[in-house]
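Here is a short note for a colleague who is new to this structure. The points are numbered and can be read beside the model.

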Amino acid sequence: MNTPPSPSGAEHTDRSSIRLGALVPLTRPGWVEAGRHLLAGLDLAVREVNDAGGIDGRPLELVVRDTAADPERAAAAVDELAHLGVAAVVGEYHSVVARAAAARADALGVPFLCSSAVLDALTEEPTEWVARLAPAQSHGWRIYADFVLRAGRRRIAVATQPSVYWASGTSVLRDHLAPRGGTVLELDATLTPEALCDALVDHGATALLLLVGHPEPAVPIVRAVRRDRRLAEILVGAPAGQPEFAEWAAALGEDGAGIPFLRYLPERLGPLGERVGKELRERLGEAPSFVAFEGWDTVNVLAAVLRSHGTDRAAVAESWPRVAVEGTRGPIRFSRTPDISVWQWTWTPVQVVDRDPAKPDCFRILHAG
């Protein structure tokens with residue numbers, strides 16, 4: 001592997017610690033609650049590694065940078081973290097932001113283990129420097145499309161905003177549904193909620209999928225649909241996972257229940273997942289989302305890599321195909337997958353779940369893939 005000129009991961013300004021750069025959305029317009037859960041998982045795992053003696057006696061140090069869902073800010077953060085001598089960069093939730101970070105990490109020769117972003121084309125060209133824990137969007141969203149079909153819904157409307165991520169999701173849905181008798185109608189989310197409801201009625205839509213940001217415009221759209229008697233039988237879904245977080249339930253109450261979304265957890269956690277989940281719950285003061293588990297698994301993988309391959313950046317990147325780590329949600333290994341440009345865990349467990357209308361604080365597993 002040809003390493004672009006950049007500070008070596010072994011050349012730390014503080015020889016007492018091994019630095020990991022962490023990209024996390026902690027301020028608006030980033031999804032702050034997702035960032036908080038991701039950081040909780042990252043931080044818990046770092047603390048556990050250090051409590052167990054660190055990496056060959058050297059503690060891990062998490063150097064956190066807030067991306068605020070801004071791709072340019074994320075790319076600049078990768079530059080800064082590379083200059084600080086981090087052994088690798090981890091994290092990020094937003095796909096478009098992670099793509100910018102991955103491109104910069106690839107250009108600089110800095111290993112990047114992406115925790116949560118799912119966009120298939122995380123880099124334009126295949127790269128040895130980037131690996132990912134979250135499933136590719138095409139994998140998870142096809143499972144979601146199968147669920148929609150099994151629910152008897154064929155006329156699918158998507159309320160969408162301009163974004164590479166939402167456009168990619170729409171394409172996945174259309175390509176998977178069309179050969180199976182489904183249709184996808186795109187509705188501009190800049191329509192007023194009332195006009196959007198009218199369009200759903202006019203087109204005879206049997207499902208509305210929210211490919212939009214939260215809380216705006218997702219929350220007012222859901223409220224309008226729930227209150228429109230003409231749409232009493234429509235399925236409202238959110239494949240990107242907006243209802244996962246407590247903020248959704250707080251904003252929508254009962255209206256936010258019964259909206260299926262994707263979640264990357266097994267039906268039952270094993271002993272490791274149960275233990276980590278308990279620690280995360282205490283740290284967060286609420287049930288941990290799958291994003292928090294993604295954070296913990298990220299550091300767990302990197303710690304294993306650093307122990308076995310050292311802190312040299314090229315050595316870290318070359319280790320991806322040799323990773324074999326027990327994660328909170330199953331054994332983690334990376335491989336090359338068709339049409340995926342990075343090293344990919346294939347696959348984390350995928351569920352379609354919703355908040356139980358009878359108990360909105362509880363989740364129901366509706367489908368698994």
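1. Buried here means under 20% relative accessible area, exposed means over 50%, and partly exposed covers what lies in between. The model is predicted. Ser289 has a relative accessibility of 2% and therefore counts as buried, being under the 20% limit.

2. Where is Ser289 found? Ser289 sits in the loop between α9 (271–284) and α10. Leaving aside residues up to four places away in sequence, Ser289 touches His37, Glu244 and Phe245. One of these deserves a second look: His37 is 252 residues from Ser289 in sequence, yet their C-alpha atoms are 6.9 Å apart in space.

3. His37 also takes part in a helix packing. The axes of α1 and α10 cross at roughly 35° and come within 7 Å, and the crossing is right-handed. On the α1 side the contact includes Ala34, His37, Leu38, Gly41 and Leu42. On the α10 side it includes Val291, Ala292, Gly295, Trp296 and Arg307.

4. Helix α10 (residues 290–309) matters for the next point as well, since it supplies part of a nonpolar core. The largest such core has 101 residues. Its largest share, 11 residues, comes from α10. Which residues have the most contacts inside this core? They are Leu60, Leu113, Trp141, Leu173, Val301, Trp320 and Phe334. As background, nonpolar side chains tend to be buried together in soluble globular proteins.5. Trp141 can be followed one step further. Its contacts, not counting residues up to four places away in sequence, are Tyr165, Trp166, Gly169, Val172, Leu173, Leu211, Pro239, Ala240 and Leu262. Leu173 appears in this list and is also among the residues with the most contacts inside the largest core.

6. There is a second, separate core of 25 residues, and among its members are Ala159, Leu187, Leu200 and Trp248. Leu200 also belongs to the contact between two helices, α6 and α7.

7. Helix α6 (residues 193–202) packs against helix α7 (residues 218–227) at an angle of about 55°, and their axes are 9 Å apart. The two helices are therefore oblique to each other. Their crossing is right-handed. From α6, Pro193, Leu196, Cys197 and Leu200 meet Pro220, Ile221, Ala224 and Val225 of α7.

8. Thr192 lies in the loop between β7 (183–188) and α6. Is Thr192 buried, exposed or partly exposed? With a relative accessible area of 45%, Thr192 is partly exposed. The C-alpha atoms of Thr192 and Arg364 are separated by 31 Å, and the two residues are 172 residues apart along the chain.

9. The remaining points concern charged pairs. Side chains of opposite charge can pair when their charged atoms come close. How many salt bridges does a search of the whole structure find? The search finds 18.

10. Arg364 is in one of these pairs, with Asp354: their side chains meet in a salt bridge at 2.7 Å, N to O. Asp354 is in strand β15 (residues 351–356) and Arg364 in strand β16 (residues 359–368), 10 residues apart, and the pair links distant parts of the chain. The two partners can be compared by accessibility. Asp354 counts as buried at 2%, whereas Arg364 is partly exposed at 32%.

11. A second pair joins two helices. The side chains of Arg104 and Asp79 form a salt bridge at 2.6 Å, N to O. Arg104 lies in helix α3 (residues 95–108) and Asp79 in helix α2 (residues 71–83), so the pair ties together parts that are 25 residues apart in sequence. Arg104 is partly exposed, with a relative accessible area of 30%, and Asp79 is partly exposed as well, at 31%.

12. A third pair stays within one helix. Asp43 and Arg47 both lie in helix α1 (residues 32–51), four residues apart, which is about one turn of the helix. Their side chains meet in a salt bridge at 3.0 Å, N to O. Asp43 is partly exposed at 22% relative accessible area, and Arg47 is partly exposed at 47%. Which residue joins Asp43 and Arg47 in a network of salt bridges? That residue is Arg283.

Conventions:
Residues numbered from 1 in each chain as written. Predicted model: local features only at pLDDT ≥ 70, side-chain atom pairs only at ≥ 80, totals over all residues. Heavy atoms only, no water. Salt bridge = Lys/Arg side-chain N within 4 Å of Asp/Glu carboxyl O. Buried < 20%, exposed > 50% of the residue type's maximum accessible area, 1.4 Å probe, protein only. Core = buried A, V, L, I, M, F, W, Y, C linked by side-chain atoms within 4.5 Å. Contact = heavy atoms within 4.5 Å. Axes fitted to C-alpha atoms, helices over the stretch in contact; angles between N-to-C directions. Parallel < 35°, antiparallel > 145°, perpendicular 65-115°, else oblique. Left-handed = near helix turned anticlockwise from the far one by under 90°.
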